[in-house]
Amino acid sequence: MRTLPLLALVFTACATTDPMPAELPPTPADSHSAARPNEVRTTHLDLRLVLNFEGQFAEGSVTHTLHRQHSDAPFVVDTQGIEVLGVRDDNGDWLPHWFGAKDKQLGTPLTIGLRSNTKQVTIAYRTSPEAEAMQWLSPDQTEGGKAPFLFTQGQSILTRSWIPLQDTPAVRITWTAEIGAPTGLVPVMSASQRSVDGAVSRFVMDKAVPSYLIALACGNLVQRELGPRCAVWAEPATIELAASELADTETMVRSCEQLFGPYRWGRYDVLVLPPSFPFGGMENPCLTFATPTILAGDKSLVSLIAHELAHSWSGNLVTNATWRDFWLNEGFTVYLEDRIMEQVYGRDRAAMETALGMQDLANEVRALPAADQVLHIDLTGRHPDDAMTSVPYQKGAAFLRALEHAFGRPTFDAFLQRWFDQHAFQSVTTATFLTFLQQELLAKDAAKAKSIDVDGWVNGSGIPRDADVPTATLFAAVDQALASWRSGTAPKDLTTSGWVTQQWLRFLQGLGTAGKDRLADLDSAFGFTRSGNSEILCAWLVLAIQNDYRAVDRRLDLFLQTIGRRKFLKPIYEALLASADGKARAMAIYKKARPRYHAVSRRTLDALLGYQNPNG
Ligand code: BES
Ligand code: ZN
């Protein structure tokens with residue numbers, strides 16, 4: 001066994017002696033975790049890590065405070081690529097431990113034998129430079145270009161690659177952390193409290209959260225207040241733009257509180273990451289992580305903030321207990337997002353965004369196997385991220401809209417508030433929701449209940465007929481322009497003045513296979529290739545590829561080399577793959593760009609492009 005000077009410090013990890021309830025409610029089976037929380041369960045976690053940017057690893061320890069339901073059962077945690085340096089209990093005794101069989105998707109379970117009086121377990125460990133949750137960026141991958149950067153992405157089952165723990169959303173824990181970072185780099189976490197003491201930053205999360213919501217980032221970061229509870233963090237070069245773009249954040253928090261009850265997390269801050277962040281946003285509690293690609297300059301893409309904020313109710317407060325129940329997180333959140341957008345930016349804007357989302361759903365469902373069109377999806381044997389389609393998002397939200405329309409807004413809003421209040425800080429399954437729905441809404445009005453085919457919505461494929469899409473009145477002008485363009489009107493003669501981003505997106509959706517000459521005309525009239533709006537640019541690049549309009553090539557190359565957001569990369573690479581020549585281009589670009597993508601995007605793109613990693 002290796003002993004490092006660090007371990008002395010590590011094994012003195014403090015004891016928090018929370019009074020322990022005799023019984024914890026049982027957790028449902030989770031096929032994506034080897035943990036056995038009904039036997040032994042972590043209730044609190046204390047993390048002590050030093051970040052090594054040169055070696056691209058974190059080293060230190062994690063101390064689990066345990067609730068032991070079965071006195072003779074061992075403690076099983078999920079790990080992926082973790083090197084264990086030693087395991088001790090709160091009496092200082094070394095504990096026997098062994099790794100189980102490695103699963104490509106789930107990692108390697110670590111079993112720890114407990115003594116009869118063990119109340120806490122400290123695991124000293126080091127992460128692998130390949131840890132899937134962690135992306136270590138070189139300075140040239142940041143805006144400032146001078147300092148390196150690290151961020152983690154836990155959802156769905158990646159936290160196990162940087163913390164050995166029970167990596168199932170059914171287990172909720174409070175946590176504390178001490179992070180050591182090189183001078184000049186600022187660590188931030190998804191925590192309710194943060195304090196700095198020399199080279200060490202301390203964090204406390206005093207609300208019980210699932211493991212996928214523990215997040216860390218570290219880089220040359222500065223903070224700008226946005227309101228009494230809200231601030232934005234970003235690199236110095238981005239902070240001005242970020243602060244003005246996200247100026248409405250506090251208004252959004254108030255709006256969501258009005259609709260769905262108190263915001264229970266204290267602060268709501270946003271961290272704007274470098275462009276390789278693989279998602280649009282991630283709802284890490286108290287500190288949403290966001291892609292810089294939403295900074296369009298005109299607040300046109302801030303519905304993403306409404307979405308991540310809404311997760312403070314649906315997802316973080318009331319959490320999917322397993323990844324099968326993901327639609328309870330995302331479907332509810334898209335519904336809440338729409339309501340916030342309606343309240344803050346008006347009905348026209350919200351209706352357009354909903355309509356665009358439903359259009360995405362319709363397009364995607366056409367290509368999906370029936371089993372993947374189901375809200376309560378069967379994910380056995382699959383990586384949860386592989387089933388991340390618009391079904392849990394848009395179909396989930398459409399289900400709630402159908403309920404709202406059947407029962408009326410006041411009744412449905414009151415129902416949702418009760419759902420959040422009565423399940424606050426709990427992890428719930430689809431069955432729990434269906435029971436609550438039956439008792440608290442359907443049973444109260446049998447006639448209205450009859451109009452909704454709940455089982456069809458939850459367990460059926462396709463988009464049910466009672467799915468309605470709000471009429472987006474501002475799309476009428478777009479559809480008119482499209483019709484006129486189709487019948488031959490030149491782009492510069494179309495009436496487009498005053499159009500907002502969502503109208504342009506609708507316009508781009510309607511162009512289809514126009515041919516490269518007509519695309520060139522559109523480009524000279526509207527400057528799509530130069531667009532600073534990432535959503536518009538992405539839609540345009542896809543069209544350009546489909547129509548072999550090569551004037552975009554330099555922009556396309558740059559976009560793929562710098563942006564790591566999977567939602568953009570996937571359709572662009574897909575479009576390239578459709579032709580032999582495009583396929584060769586895709587492979588050449590991917591080879592260069594791949595090392596700069598996060599593991600989440602690499603997983604998707606490796607599969608899409610049939611890429612075999614020479615390093616395994
Ligand atoms: N929680 C998700 C991101 C996520 C889902 C990460 C599944 C890993 C696995 C986040 O809230 C989200 O949905 N982000 C969307 C944006 C949103 C506006 C639809 C994204 O990143 O595109
Ligand atoms: Zn979400």
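**The second largest pocket and the zinc site**

In this predicted model, the second largest pocket has a volume of about 590 Å³, where a pocket is an open set of points on a 1 Å grid over the protein atoms alone at which a 1.4 Å probe fits, with protein on both sides within 12 Å along at least five of seven lines. Its lining consists of 28 residues, and Glu 143, Pro 275, Pro 292, Thr 562 and Ile 563 lie nearest the centre, a lining residue being one with an atom within 4 Å of a point. Two or more lining residues are given by each of α2 (236-245), α15 (534-546) and α16 (553-562), and the largest share, 5 residues, comes from α16; helices here are DSSP runs (H or I) of at least four residues.

The zinc ion (ligand 2) is coordinated by His 307 (NE2), His 311 (NE2) and Glu 330 (OE, listed twice), at 2.0 to 2.7 Å, donors being N, O and S atoms within 2.8 Å of the metal (3.2 Å for Na, K and Ca). Along the chain, these donors follow the spacing H-x3-H-x18-E. Because His 307 lies in helix α4 (residues 303-310) and Glu 330 in helix α5 (residues 326-345), the pair ties together parts that are 23 residues apart in sequence. Both His 307 and Glu 330 are buried, that is, under 20% relative accessible area with a 1.4 Å probe and protein chains only.

Residues are numbered from 1 along each chain as its sequence is written, while chains are lettered from A and ligands numbered from 1 in the order in which they are written. Local features need pLDDT of at least 70 and side-chain atom pairs count only at pLDDT 80 or more, whereas totals for chains, interfaces and linings use all residues, and side-chain values use heavy atoms, with hydrogens and water left out.

Definitions and conventions
Grid points are joined across faces, edges and corners, and a volume is the space filled by probe spheres set on the points. Buried means under 20% relative accessible area, exposed over 50%, partly exposed in between (1.4 Å probe, protein chains only).
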